[in-house]
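I opened this entry to look up one helix and what lies over it, and then to set it against the whole chain.

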Amino acid sequence: MATDAPPPQKGSPDEPRALPSTEEFTEVQQSAEFGELRRAHRSFAFPLAIAFIAWYLVYVLLSNYAGDFMGTKVVGNINVALVLGLAQFLTTFLIAWWYSRHAATQLDPKAEAIKSRMEGGA
């Protein structure tokens with residue numbers, strides 16, 4: 001996509017800074033602060049992913065082996081299978097929203113602190 005903005009001039013505040021060295025990346029990766037960030041992410045994302053996969057597999061197994069139960073009418077022509085299938089979509093959106101909130105409040109501030117220190121802003 002073309003823009004009408006001219007390229008930044010040398011020495012301007014918009015000029016990109018040099019990237020950190022490999023050693024600096026390795027040092028940050030081994031720091032306690034980065035380890036805490038990684039733990040905060042993993043302790044939230046992994047259990048939630050495992051729970052959702054288990055919930056999905058239960059739905060698939062019920063669909064395959066519990067046809068009578070899944071065919072049970074709830075209201076009118078709406079059966080248990082439809083309700084649980086729609087619940088799959090609902091839980092997907094709820095998990096995405098929940099993770100977004102978690103990331104914004106718990107992960108992003110820690111990641112931004114590491115990033116600003118790596119870029120020399122701190």
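**Cover of the helix**

I looked up what covers the buried residues of H4 and found that the cover includes helix H1 (22–29), helix H2 (32–65), helix H3 (67–70), strand E1 (73–75) and strand E2 (78–79). Helices (H or I, at least four residues) and strands (E, at least two) are DSSP runs, numbered from the N terminus. The model is predicted, with local features needing pLDDT of at least 70, side-chain atom pairs counting only at pLDDT 80 or more, and totals for chains, interfaces and linings using all residues. Residues are numbered from 1 along each chain as its sequence is written, and side-chain values use heavy atoms, with hydrogens and water left out.

**The helix itself**

I then listed the buried residues of H4 (under 20% relative accessible area, 1.4 Å probe, protein chains only), among them Val80, Leu84, Gln88, His102, Leu107 and Met118.

I noted that H4 spans residues 80–118, and that its 39 residues reach 53 Å from first C-alpha to last, close to the 57 Å expected at 1.5 Å a residue; the expected span is 1.5 Å times one less than the number of residues.

I found a bend of about 45 degrees at leucine 107, with proline 109 following within four residues; the bend is the angle between axes fitted to the seven residues ending there and the seven starting there. Just after H4, glycine 120 takes a positive phi of about 85 degrees.

**The chain**

I read the pattern along the sequence as α-α-α-β-β-α, from four helices and two strands. Of the 122 residues, 16% count as buried.

How values were computed
Buried < 20%, exposed > 50% of the residue type's maximum accessible area, 1.4 Å probe, protein only. Contact = heavy atoms within 4.5 Å.
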